[in-house]
Amino acid sequence: LCACCMSLACCCGSAACSCCCNCCPKIKQSTGTRVMYALYFLLVTVLCAIMMSPTVEQALKENIPFYTEFCQTVNAGENCKTLVGYAAVYKVCFGMACFFLFFCMFTIRVNNSTGCRAAVHNGFWLLKFIVLVACCAGGFFLPNESTFLEVWRYIGAIGGFFFLLIQLMLLVEFAHRWNANWYSGVKYNRLWYAALAFVTLVLFSVGVGAVIFMGIFYTHPEACLLNKIFLGINGSLCLVVSLLAISPFIQKLQPNSGLLQPGVITVYVMYLTFSAFSSKPKEMVVIDGVNTTVCVFPFNSGTESDKKIVTGLGTVILFGCVLYSCLTSTTRRSSAALRVCRNTDVPNSTARLYVCFSEEYDEEKTGSGQNVVYDEREGTIYSYAFFHFVFFLGSLYVMMTVTNWFHYDDHKIEKLLDGSWSVFWIKMASCWVCLILYMWTLIAPIVCPKRFEA
C-alpha cells in the first residue's frame, strides 16, 4: 500500500513515477518521464484520429442516448459537427503544440534534475494532464476561426517538414551507429564480419527486389511516366551512394564506412518510393475500349475489410515512427548527431545485437514497489527544452498527416492511405533529402576537415 501511495505521488507532486508492483523491471527517471509525455502525445493523437472518423461519429450517434440534445447543450453544433473534421483536429493539435512549446521555453537551460523547473518537468503529471486538456479545449474558443485555420495550416506544414527532416537525420545516424556498433566486435570475434555481410546482403536484396517489384507493378507502357522517372532516379542515387561509401577516398577518412549504411538507406528510400507511388492519385488508361486503373497495388482485393486492415496497420506504423523519432531524437547520441557535431562525450560502442540502448546508470531507489534509477543527479541525460521542441514539431506533423496535409476537404481517417499529390511529393522529396543527408555524412570530412578532426 505504501509503495502504491509513493507511485501515485508523482501525479500531484515532483516524485518520479513508478509502478506499485515490485515485479516490474527497474526504470530510469529520464526514461519514465519521456514515456509519460509520449503517452500524453499518443492520447491526443488517438483523439485526433477519432475526430476524423465518420465511422466513430456514426457509432456515437447511434449508441449515445439523447445525442442531439447533448450536442446542443455543450454548444457543439448540430450532431456535434464542431467536434469532428479537420477544423477540430487543427484546434486540438494547436492546444497540444502550445503545451509542448510552453514547456520547451520553460525548461531552457535546465542542466540538472534538482531545480524547481526540472521537478515540474519530471512530476506533477495529473496537473499537467489537466493543463493539456485545457489547452486542447481552449482551441475551440479561438476567435476568427477561418483566419486561424488558414494561418495555422501553413505553420503546421512548416513544422511538419522540419519534423520529417529530424526523422531522416535520425535514420542516417542510426545506420552509422549500427555499422560502428557491429564493426567494433570484429577485433574480438571475426564472426561479426559474417553478421555484417549477411545483413548487408539481405538489405540490398530487399532493395533490388523492391525496384523489380515496382518496375513490374507500378509502371505501364502507356502511363505512369512519373513512376518510371522517379524509380530510375531513386534507384540510381542509391547505387551512387553505395559506391561512394566504399570508394578509396571515403575509406581513407572513414575506415568504418561500408555497405551496411547504404543498405539501410536503400531499403528506406525504396519504402518511401513505394509509399509515394501508392499515395499518388490513380491513373487510368483505355485498354480494349475499357477504362482500366493501372499502377496500383496488385494484391488489393478492394473489399472494405481489407482496406480497414491496411489503413489500421499503416496508421500504427506511421504513429509508431513518430513516437520513435520524438523519443530517440533526445538521447545523448542522437542529439549530438542532430547538432552535426562530434559526439565526444559518449564512450565507444560495444558490439551487440541491438543498437538502441542507453549507457547511463546511477543509484536506484529500492522498496516494495518498482525501482527507479535516478540517473540525472549529476546532470540531465537529455535536453529538456529540445525534447519538448521535438514533440511540438511532432504535434504539427500529426496534425498535417491526419488531415492529409493540404487535401483536407472531405478527408476521413479511413482514407489516410488514399492518394493525393501533396502526400506523393512530400514522400518523394523525403527520399532525396535522406540520400542527400547520407551523402553529406560521407563527404563532410573532406569538405570540412577541421570540424571532424579527432
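Two aromatic rings from Phe, Tyr or Trp count as a pair if their centres lie within 6.5 Å. Keep that in mind while looking at this structure, which is a predicted model.

**Rings**

With that rule, the count comes to 31 aromatic pairs. Take F163 and Y397 as a sample: their ring centres are 5.3 Å apart and their planes make an angle of 35°, so the pair counts as tilted, the class between under 30 degrees (stacked) and over 60 (edge-to-face). F163 belongs to helix α8 (residues 145-183) and Y397 to helix α15 (residues 384-402), so this pair ties together parts that are 234 residues apart in sequence. F163 is buried, at 0% relative accessible area, and Y397 is buried as well, at 9%.

Ring pairs also link up into a cluster, and its members include Y37, Y40, F99, W125, F129 and F387. W125 has a charged visitor too: K128 lies over its face, 3.6 Å from the ring centre.

**A buried lysine**

Is K91 buried or exposed? K91 is buried, with a relative accessible area of 6%. You'll find K91 in helix α5 (residues 86-106). Leaving aside residues up to four places away in sequence, K91 touches C136, G139, F140, E145 and F148.

**Cysteines**

How many disulfides are there? The count is zero. Two cysteines show what that looks like:

| Cysteine | Closest cysteine sulfur | Relative accessibility |
|---|---|---|
| C98 | C135, 6.5 Å | 31%, partly exposed |
| C434 | C431, 7.8 Å | 0%, buried |

Why does C98 have no bond to C135? A disulfide needs the two sulfur atoms within 2.5 Å, and the sulfur of C98 is 6.5 Å from that of C135, so they are too far apart. C434 is in no disulfide either.

**A helix and a hairpin**

Helix α12 (residues 260-279) has 20 residues and reaches 29 Å from its first C-alpha to its last, close to the 28 Å expected at 1.5 Å a residue. Most of α12 is covered, with 15 of its 20 residues buried.

Further along the chain, strand β2 (residues 283-287) runs antiparallel to strand β3 (residues 290-294), and five bridges join them. One of the bridge partners is easy to look up: E283 is matched with V294 in β3. Together the two strands form a hairpin with two residues between them. D288 sits in that turn and has a positive phi of about 55°.

Key: Residues numbered from 1 in each chain as written. Predicted model: local features only at pLDDT ≥ 70, side-chain atom pairs only at ≥ 80, totals over all residues. Heavy atoms only, no water. Pairing = 2+ DSSP bridges. Helix = DSSP H or I, 4+ residues; strand = E, 2+ residues; numbered from the N terminus. Expected span 1.5 Å × (residues − 1). Buried < 20%, exposed > 50% of the residue type's maximum accessible area, 1.4 Å probe, protein only. Contact = heavy atoms within 4.5 Å. Phe/Tyr/Trp six-rings, centres within 6.5 Å; stacked < 30°, edge-to-face > 60°. Lys NZ or Arg CZ within 6 Å of the ring centre and 35° of its normal.
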